[in-house]
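Please look through the sequence and the structure below. The paragraphs after them go through the fold, one strand, the pocket and some single residues.

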Amino acid sequence: MRFVVQRALKGSVSVEGKVVGSFDSPGLVILVGITKDDIEEDAKYLVGKCVNGRFFNSEIRAWHKSVKDIGGHVLVISQFTLYNQMKGNRPDFHDALEGSEAKKMYLNIVDMFISALGSEKVHCGIFGAYMMVSLVNDGPVTIELDSRKFSYDPEEQYARIGGKKGKAKVKAAMLLREKEC
């Protein structure tokens with residue numbers, strides 16, 4: 001799962017000329033890409049990073065407050081194009097999760113944001129619609145988050161990757177991470 005997070009002074013999304021989600025105070029515009037093998041743990045991890053990530057400055061120092069700390073808004077937009085591969089000069093999106101499963105996962109992500117921030121702070125587009133997204137990027141700050149860059153429990157990773165090589169790679173990555181922390 002991939003999120004592209006943009007710190008914004010304001011943001012909005014329109015469908016067929018009608019604004020369906022917007023905010024006019026500091027917050028985050030979050031583009032959400034879901035792939036075929038994503039699970040709920042991916043969503044929980046990335047939503048947690050968005051809600052608690054210190055993307056905002058305080059009077060004391062830079063990168064000191066989260067969207068939750070400032071009482072900010074989030075605008076959550078589904079964007080399957082985050083999982084593209086270029087086939088010659090044409091993008092191919094076969095890695096993106098399709099249809100009803102993608103919609104279900106996206107709506108689950110929106111619900112996670114609502115649980116964390118409250119429904120008045122969470123805005124979204126319309127899944128599958130052609131949307132026009134506008135924002136005033138603050139900074140500019142754009143952060144890419146990918147759930148593949150964090151470690152799961154080795155047994156869960158083993159189930160996803162499969163095979164002895166997958167299990168060994170997961171354990172090696174976790175040992176390396178422990179040394180770095």
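How many bridges join β1 to strand β3, and do the two run parallel or antiparallel? There are 7 bridges between β1 and strand β3 (residues 27-33), and the two run antiparallel. Two strands are taken as paired if DSSP finds at least two bridges between them. Strands here are DSSP runs of E with at least two residues, helices are runs of H or I with at least four residues, and both are numbered from the N terminus.

This is a predicted model, in which local features need pLDDT of at least 70, side-chain atom pairs count only at pLDDT 80 or more, and totals for chains, interfaces and linings use all residues. Residues are numbered from 1 along each chain as its sequence is written, and side-chain values use heavy atoms, with hydrogens and water left out.

Consider the whole chain next. The protein has 4 helices and 8 strands. Along the sequence they come in the pattern β-β-β-α-β-β-β-α-β-β-α-α. The protein has 181 residues, and 39% of them count as buried. Buried means under 20% relative accessible area, exposed means over 50%, and partly exposed lies in between, with a 1.4 Å probe and protein chains only. The exposed area of the protein is about 10,600 Å², of which carbon and sulfur atoms supply 52%. Such areas come from the Shrake-Rupley method with a 1.4 Å probe, and for residues only the protein chains shown count as cover. A contact means heavy atoms within 4.5 Å. Among the contacts with a separation of 6 or more, 71% are between residues 24 or more positions apart.

Now return to strand β1. Because 11 of its 14 residues (residues 2-15) are buried, strand β1 is largely enclosed by the rest of the structure. Besides β3, this strand is joined to β8 by 12 bridges, again with the two strands antiparallel. It is also joined to strand β2 (residues 18-23) by 5 bridges, and that pair runs antiparallel too. Single residue pairs show where the strands meet. Val 5 stands opposite Ile 30 in β3, Phe 3 stands opposite Leu 145 in β8, and Ser 12 has Ser 22 in β2 as its bridge partner.

Gln 6 also belongs to strand β1. Gln 6 counts as buried because its relative accessible area is 16%. Leaving out residues up to four places away in sequence, Gln 6 touches Gly 27, Leu 28, Val 29, Leu 135, Asn 137, Val 141 and Thr 142. In a regular strand the side chains alternate between the two faces of the sheet.

β1 and β2 form a hairpin with 2 residues between them. Glu 16 lies in the loop between these two strands, and it has a positive phi of about 50 degrees although it is not a glycine. Glu 16 counts as exposed because its relative accessible area is 81%. Trp 63, in the loop between α1 and β4, is another residue other than glycine with a positive phi, near 55 degrees. Trp 63 is partly exposed, at 44% relative accessibility. A cis peptide bond, with omega about 0 degrees, joins Gly 139 and Pro 140; Pro 140 is in strand β8. Most residues other than glycine have a negative phi, and most peptide bonds are trans.

What lines the largest pocket? On a 1 Å grid over the protein atoms alone, a pocket is an open set of points with protein on both sides within 12 Å along at least five of seven lines, and lining residues have an atom within 4 Å of a point. The largest pocket holds about 380 Å³ of space. It is lined by 17 residues, and those closest to its centre are Ser 78, Gln 79, Phe 80, Ala 129 and Met 131. β4 (73-78), α2 (99-117) and β8 (131-146) each supply at least two residues of this lining.

Phe 80 appears again in the surroundings of Phe 93, which sits in the loop between β6 (90-92) and α2. The C-alpha atoms of Phe 93 and Phe 80 are separated by 7.3 Å, and the two are 13 residues apart along the chain. Phe 93 is partly exposed, at 27% relative accessibility.

Key. 1 Å grid on protein atoms, 1.4 Å probe; cavity = no way out; pocket = protein on both sides within 12 Å on 5 of 7 lines; lining within 4 Å. Points joined across faces, edges and corners; volume = space filled by probe spheres on them.
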